[in-house]
Amino acid sequence: MSKQPNNLTTSWGAPVGDNQHSITAGSRGPTLVQDVHLLEKLAHFNRERVPERVVHAKGAGAHGYFEVTNDLSAYTKASFLSEVGKRTPMFIRFSTVAGELGSSDTVRDPRGFAVKFYTEEGNYDLVGNNTPVFFIRDAIKFPDFIHTQKRHPQTHLKNPNAVWDFWSLSPESLHQVTILMSDRGIPLTLRHMHGFGSHTFKWVNAEGQAVWIKYHFKTEQGIQNLDVDLAAKMASENPDYHIEDLFQAIAKGNFPAWKLYVQIMPLEDANTYRFDPFDVTKVWSQKDYPLIEVGRMVLNRNPENYFAEVEQATFSPGSFVPGIEASPDKMLQGRLFAYGDAHRYRVGANHNLLPINRPHAEVHNYQRDGALRSDNNGGGSVYYEPNSLGGPKESPKHKIAPFEVSGEAQSVAYDHDDHYTQPGDLYRLLSEEERARLVQNIVGAMKPVESDEIKLRQIGHFYKADPEYGRRVAEGLGLTVPQGE
Ligand code: NDP
């Protein structure tokens, strides 16, 4: 605990004479407007919340470090990922996706897995999930998808009809739906799950040569999941179970750790691979692109203050550092805009000046002013470029690696539309007990759907992934697989 000073002051630093009684005319009042300490106290209280995140509202955070264990400098010039022994401070925020700030931790939902690395060349944010894929593969569908996960505009209730209507009409979601409905849809704790960058990214080495990569964080605590009945019980008895577990583990010195691996794909393979490697609803088979160790992440320090560190932490997949670049993944491309924009709206244009977001690398640029500009705003230094006053200059060696683009500009899907092989592969790698629980979870989630048309459409997708999968879900719902599937 930090030392407590004992002189109470107003926010403008003046001593407070009385913090228990407002200034009133006599002992009965009324209260006098001249009690400016009271006015400031009430007015500030009204403004204690910043808007909660539209998605990933409820989270838990921790500080730690990342240490490189394998020399991958042949693939990236980002030394925090490739120089053996190098340690970089980092902060992570885990979250549920759909629930509000006060919602339960033990619900069936993907978990956000957002890591901020405070590197010597600026902050790198790896803003992923605990699943290797996502429900949709084009950012234009994101607001509609999230509407189905949120509350009905009239009843303010969660709406399974919308959820399954959208999924059944968006077969690219089948892979993520299968993962979500499997045991891994409710992790035991935040410590017992993997993390994934999910998107494909580009790594560039010091010679300017590039490869495509995917990130995998593997939990050293082992995968463990929560039984559905216990999860429901926990949701009412201790809705903050995951936040509490993480905080307590770190407080007791039981530091959770993950090994980071990458899959590496030569650039030219992207033209011939059997799935589109930029489609975030698909994985790259580890038989084709095996995991290569990068390093180890250890969480060893709790936040001092939840609001300052966890709530105000802002992550953007667009916060790249030299050696890491974007891929054409259409979800990633949308997120490059949407995350920064969310933070400018939610926390403010100067969110990167807050201590939790401030790079450890020095920042020199020509941005000035804006709400809550809390540093010296560049003082009297030169505030435009180009200039002949010796202001900060670009470094051409950090230009992005040039890449070719081709094709006609049009609104169009990825060429590949096999949405069934990979969910089927996942179904087939599950044990019989895991399959039975998967089907049971799906049946439980689909039962409240009012329309048989929606249910049958979705059963058709399960059937295409694996006939047994489709038949078992249909049976559980008292339906039969539609003819022609
Ligand atoms: P592999 O057999 O090489 O890899 C299987 C992957 O599945 C491993 O990453 C394994 O990681 C993971 N896995 C094992 N059990 C489960 C489970 N119950 N739920 C979710 N994931 C599990 O096969 P492929 O790489 O060819 O992939 C086959 C299928 O595995 C894919 O269609 C995909 O659905 C799933 N998968 C693939 C991943 C990838 O990056 N290729 C990542 C995660 C899942 P672990 O045992 O450490 O969890």
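Select residues 9–393 to begin: the C-alpha atoms at the two ends of this span are 44 Å apart. Helix makes up 22% of the span and strand 19%. The model on screen is predicted. In UniProt, an unreviewed entry lists these residues, 9–393, as "domain: Catalase core".

Next, select the ligand together with the residues around it, which number 18. His175, Arg184, Lys218, Ser285 and Gln286 are the ones that come nearest. By class, the shell around the ligand holds 6 nonpolar, 7 polar and 5 charged residues.

Colour the model by secondary structure and locate two elements, β7 (210–219) and α10 (421–429). Each of them supplies at least two residues of the shell around the ligand. Which element gives the most to this shell? It is α10, with 4 residues.

Now display the polar contacts of the ligand one at a time. Begin at Lys218, where an N or O atom of the side chain is 2.6 Å from an oxygen atom of the ligand. Move to Gln286, which places a polar side-chain atom 2.6 Å from an oxygen atom of the ligand. At Trp284, show the backbone: one of its N or O atoms lies 2.9 Å from a nitrogen atom of the ligand.

Finally, add a surface to the ligand. On its own, the ligand has 780 Å² of accessible area, and the protein covers 79% of it.

Definitions and conventions
Residues are numbered from 1 along each chain as its sequence is written. This is a predicted model: local features need pLDDT of at least 70, side-chain atom pairs count only at pLDDT 80 or more; totals for chains, interfaces and linings use all residues. Side-chain values use heavy atoms; hydrogens and water are left out. UniProt positions are given in the numbering used here, feature names are shortened, and annotations may be inferred rather than shown by experiment. A residue is near a molecule or strand if one of its heavy atoms lies within 4 Å of it. A polar contact is a pair of N or O atoms within 3.5 Å; within protein, one must be able to donate a hydrogen and the other to accept it, and residues adjacent in sequence count only if both atoms are side-chain atoms. Accessible areas come from the Shrake-Rupley method with a 1.4 Å probe; for residues, only the protein chains shown count as cover. Ala, Val, Leu, Ile, Met, Phe, Trp, Tyr, Cys and Pro count as nonpolar, Asp, Glu, Lys and Arg as charged, and the others, Gly among them, as polar.
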